[in-house]
Amino acid sequence: MASQDWVEKDFYKILGVAKDASDADIKKAYRKLARKYHPDTNAGDAEAEKKFKDITEANSVLSNPEDRQQYDAIRAMGSGARFAPGSGGQGAGPGGFEDLFGGIFNQGGRTRGGASGGIPPEFADLFGGGGFGGFQQQPTKGSDRTASTTISFKGSIQGTTVSLREPDGNVIDVKIPAGIKDGQKVRQRGKGNPGAAGNGDLIITVHVKEHPFFKRDGNNIRIHVPISFNEAALGGNIEVPTMEGEKVKLHLAAGTPSGRTLRVKGRGVKTAKATGDLLVTVDVVVPQKLNDAAKAAVEAFADATAGEDPRAVIAAHAVL
């Protein structure tokens, strides 16, 4: 991906960093300049737009270790490196890494099928040998980029699509698969930094918001459902909400204690490998206020069960 621009442009100067700047320094400088010259905040400003393109180009090269190494090697030769006609020099369009060295390699009459000619002595040390065979430049893929997003609990269970806005204003739609967990990553292929062998990838870390009622437990979903004393004592049917938005009916056996968990098969997290269940824990609700009739009924119940001690089992096994 090298071109004449790599000789003419000082990417370090464009980003305002030293030639031995660390990756972190380069990233920090790029982010600061990108915010300053971003088209969204400089609408109609042609100079700001040009600067934004320059710093984006500089960052794409210096943030990629292999591209940066190539760039430094080319710059080390200085502007004295000359381009053969038609090899990507002055007046030619942008090209790949061969733009810079194509004229050098072709000076000896070398063709794609032949092997005549050699590298000039001044370049022999750089390429590790006196012949063309000592140097085989392999095109490299662009580096990956990272991003993060936050989705709803329902979106994590059923899957969703999020839109991410890039610094240049472009929007990337990312499909989040059903069943994704908090902290997992999604890879968007070909949306990373450019490279000679293709673009890198965009890696998105997904964060999931908590739900006020539903909680995830592996591939199961848990929910606490309040029931009345008479439902617990006498039994009956209750309705329980699901993540799909509909309700399912559950049967309570007479004498169901508070804290018992009931299972609804297949109503949990559905992934390509497994499907979880909905785990419903019932909590018996004690009324805070009783009218006269209710109070009389509870007192009658207390009289009818006066001989029962719910704590007898503890007393029988207590160690003094």
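Which residue in S5 is the bridge partner of threonine 150? In this predicted model, that partner is histidine 207. The pair is a handy way into the structure, so let us start with the sheet around it and move outward.

**The sheet of S1, S5 and S4**

Threonine 150 and histidine 207 are bridge partners, and the strands concerned, S1 and S5 (residues 202-208), run parallel and are joined by seven bridges. Together with S4 they make an open, three-stranded sheet in the order S1-S5-S4, with mixed pairing. S1 (145-151) and S4 (185-188) are the edge strands; each has a single partner, so one side of each has no neighbour in the sheet. From one strand to the next, the twist averages 25°.

**The sheet of S6, S7, S11 and S10**

Another open sheet is built from four strands, ordered S6-S7-S11-S10, and its pairing is mixed too. Here the edges belong to S6 (215-217) and S10 (261-264), each with a single partner strand, so one side of each is left without a neighbour in the sheet. Neighbouring strands in this sheet are turned by 35° against each other on average, ignoring direction. Within it, S7 (residues 220-227) and S11 (residues 278-284) run parallel and share seven bridges. If you would like a residue pair to look for, proline 226 has aspartate 283 in S11 as its bridge partner.

**Two hairpins**

Next come two hairpins, set out here by strand pair.

| Strands | Pairing | Bridges | Residues between the strands | Glycine with positive phi |
|---|---|---|---|---|
| S2 (residues 160-165) and S3 | antiparallel | six | five | glycine 169, near 100° |
| S8 (residues 236-241) and S9 | antiparallel | six | five | glycine 245, near 100° |

In the hairpin of S2 and S3, valine 162 has valine 174 of S3 as its bridge partner. Strand S3 (residues 171-176) shows two faces: Ile172, Val174 and Ile176 are on the covered one, while Val171, Asp173 and Lys175 are on the uncovered one.

In the hairpin of S8 and S9, valine 240 is matched with valine 248 of S9 as its bridge partner. The side chains of S9 (residues 247-252) alternate as well: Val248, Leu250 and Leu252 are buried on one face, whereas Lys247, Lys249 and His251 point to the other and are not buried.

**The nonpolar cores**

Which residues touch the most other members of the largest nonpolar core? They are Val174, Ile176, Ile238, Val240, Leu278 and Val280, in a core of 32 residues. Domain 2 (145-208) and domain 3 (211-319) both contribute residues, so this core lies between them. Isoleucine 176, from the covered face of S3, offers a close-up: beyond its neighbours within four places in sequence, its contacts are Ile151, Gly159, Thr160, Val162, Val186 and Val206. Apart from this core lies another, of 21 residues, including Phe11, Ala34, Val61 and Leu62.

**The chain as a whole**

Stepping back, the chain contains 11 helices and 11 strands. Of its 320 residues, 34% count as buried. Among contacts with a separation of 6 or more, 54% come from residues 24 or more positions apart. The exposed area of the chain is about 19,700 Å², and carbon and sulfur atoms supply 52% of that area.

Note on methods: Residues numbered from 1 in each chain as written. Predicted model: local features only at pLDDT ≥ 70, side-chain atom pairs only at ≥ 80, totals over all residues. Heavy atoms only, no water. Pairing = 2+ DSSP bridges. Axes fitted to C-alpha atoms, helices over the stretch in contact; angles between N-to-C directions. Core = buried A, V, L, I, M, F, W, Y, C linked by side-chain atoms within 4.5 Å. Buried < 20%, exposed > 50% of the residue type's maximum accessible area, 1.4 Å probe, protein only. Domains from an automatic or database assignment. Contact = heavy atoms within 4.5 Å. Areas by Shrake-Rupley, 256 points an atom, 1.4 Å probe, with all protein chains shown as cover.
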